[in-house]
Amino acid sequence: MPNLPKPRLRRARAGSELVSPAPAEQRQKPNVEEIAGEGLRWIKIERPSQLEWGWLEEHFEFHALDLEDVLSRNQRPKIDEYPDYLFIVLHFPVFDPTVGRLNAGELDIFVGPDFLITIPNQPLQPVEYLFERCRAKEELREQIFARGSGYLLYRIVDDSFDYCFPMLRKIGNKLDAIEEEIFSGRAEEIVRDISNAKQEIINFRKVIRPQRSVLRDLERTKQRYLAADLDIYFDDIVDASERIWDMLENYKEVVEALEETNESVISHRVNDILRVLTAISVIVLPLTLVASIWGMNVGVPGEGDTGAFYAVIGVMVVILVGMLTFFRRRGWL
């Protein structure tokens, strides 16, 4: 067997030590924010990486599949029930200004008897706003945390769904504006507006539809971390979700009706143009026939006579006026 060349090692300078550089993850701290009070901790981890994943694995005994789902970006809404905690995945609509459309923002939640962990894959304004208010206002924090992790879960989910209604109102206002523009002579120009509004409604429905069953399951499992006198709160979340779905169903019907109306307006306008062009061609037809007859390269009555020329022109004018009058009376022009 041939001898392999040995790697050449540099000699260490005097007084120097061979110390391997620390990994980047050891030099960094996990992006973990925490609020504690009233025997409850709210931990927020935004856009988790392997560093935050390792922190969760070190401080909590969560199932490995749940930790794997935290790093995934393609999870469907669901709720996994374990003896010591609940793992919930919810989606909420988020407007992406880079593409000008709605996307799904994922929120992973771990709920235990004395902790609640929220892990959004992108900033969610309702969650951010409630977290900052609880951190800044001690009275509000005590009021929410004193009712347990179940009530804190309700506030997070309820605020996130309430944030959907202003977005729905914007879509409704956009549909009203489209309806007014359809009959203002801009039917061809607003086809793109109708398409954008339709795409927004479709994306919104994609976000809301899968988690309707999850909310019903959440309503069923709420007893684990919610006091008996607070049962009605999660019923309110289900009602809010159903109201959002009903509004989306209504908007879907409205935008489809607007699309059909716009196509009808465009078709009616095209028919008017074709009617005018057809009438013009029919009017010009007998005039063309007369001019063709007297323009033939054979002998015709009145050939070379100036009076005959004016007579032919007079006949053509009479035909033109007569046909215009006839078409006008019939309503074709």
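This section describes the fold, the nonpolar cores, the aromatic groupings and selected residues of a predicted model.

In this model the protein chain comprises 11 helices and 6 strands. Of its 333 residues, 37% count as buried. Among the contacts in the protein chain with a separation of 6 or more, 64% are accounted for by residues 24 or more positions apart.

The 6 strands are assembled into an open sheet of mixed pairing, in which the order is S1-S2-S6-S5-S4-S3. Strand S1 (33-37) and strand S3 (78-81) occupy the edges and have a single partner strand each, so that one side of each is left without a neighbour in the sheet. On average, and with direction ignored, neighbouring strands of this sheet are turned by 20 degrees against each other. In general, the strands of a sheet pair through backbone hydrogen bonds, and the pairing may be parallel or antiparallel. For S3 and strand S4 (residues 86-96) the arrangement is antiparallel, with 4 bridges joining the two, and Ile79 is found opposite Ile88 in S4.

Nonpolar side chains tend to be buried together in soluble globular proteins. In the present model the largest nonpolar core contains 56 residues, and those with the most contacts inside it are Trp42, Ile88, Leu153, Phe204 and Ile244. Helix H10 (residues 231-293) contributes the largest share of this core, namely 10 residues. Another core, which lies apart from the largest one, consists of 16 residues, among them Leu56, Phe60, Val70 and Phe115. When neighbours within four places in sequence are left aside, Ile244 is in contact with Phe161, Cys164, Phe165, Leu168, Phe204 and Ile208. Ile244 and its contact partner Phe204 are thus both listed among the residues with the most contacts inside the largest core.

Aromatic side chains were examined next. A search of the whole structure yields 12 aromatic pairs. In the pair formed by Tyr82 and Tyr85, the ring centres are 4.7 Å apart and the planes stand at 20 degrees, so the pair is classed as stacked. Tyr85 has a relative accessible area of 5% and is therefore buried, the limit being under 20%. Both tyrosines belong to one aromatic cluster, which is formed by Trp55, Phe60, Phe62, Tyr82, Tyr85, Phe87, Phe110 and Phe115. Of these cluster members, Phe60 and Phe115 are also among the residues of the 16-residue core. Charged side chains are placed over aromatic rings as well: Lys44 lies over the face of Phe131, at 5.1 Å from the ring centre, while Arg147 lies over the face of Tyr151, at 4.7 Å from the ring centre.

Two further charged residues were considered individually. Arg205 is located in helix H8 (residues 191-208), and because its relative accessible area is 11%, under the limit of 20%, this residue counts as buried. If residues up to four places away in sequence are not counted, Arg205 touches Pro210, Trp245, Leu248, Glu249 and Lys252. Asp217, which is located in helix H9 (residues 212-221), has a relative accessibility of 30% and counts as partly exposed. Although Asp217 and Asp80 are 137 residues apart in sequence, the C-alpha to C-alpha distance between them is 9.7 Å.

Notes. Residues are numbered from 1 along each chain as its sequence is written. This is a predicted model: local features need pLDDT of at least 70, side-chain atom pairs count only at pLDDT 80 or more; totals for chains, interfaces and linings use all residues. Side-chain values use heavy atoms; hydrogens and water are left out. Buried means under 20% relative accessible area, exposed over 50%, partly exposed in between (1.4 Å probe, protein chains only). Contact means heavy atoms within 4.5 Å. A nonpolar core is a set of buried Ala, Val, Leu, Ile, Met, Phe, Trp, Tyr and Cys residues joined through side-chain atoms within 4.5 Å. Rings of Phe, Tyr and Trp (its six-membered ring) pair if their centres lie within 6.5 Å; planes under 30 degrees apart count as stacked, over 60 as edge-to-face and the rest as tilted. A charge sits over a ring if NZ of Lys or CZ of Arg is within 6 Å of the ring centre and within 35 degrees of the ring normal. Two strands pair if DSSP finds at least two bridges between them. Axes are lines fitted to C-alpha atoms, for helices over the stretch in contact, and angles run from 0 to 180 degrees between N-to-C directions.
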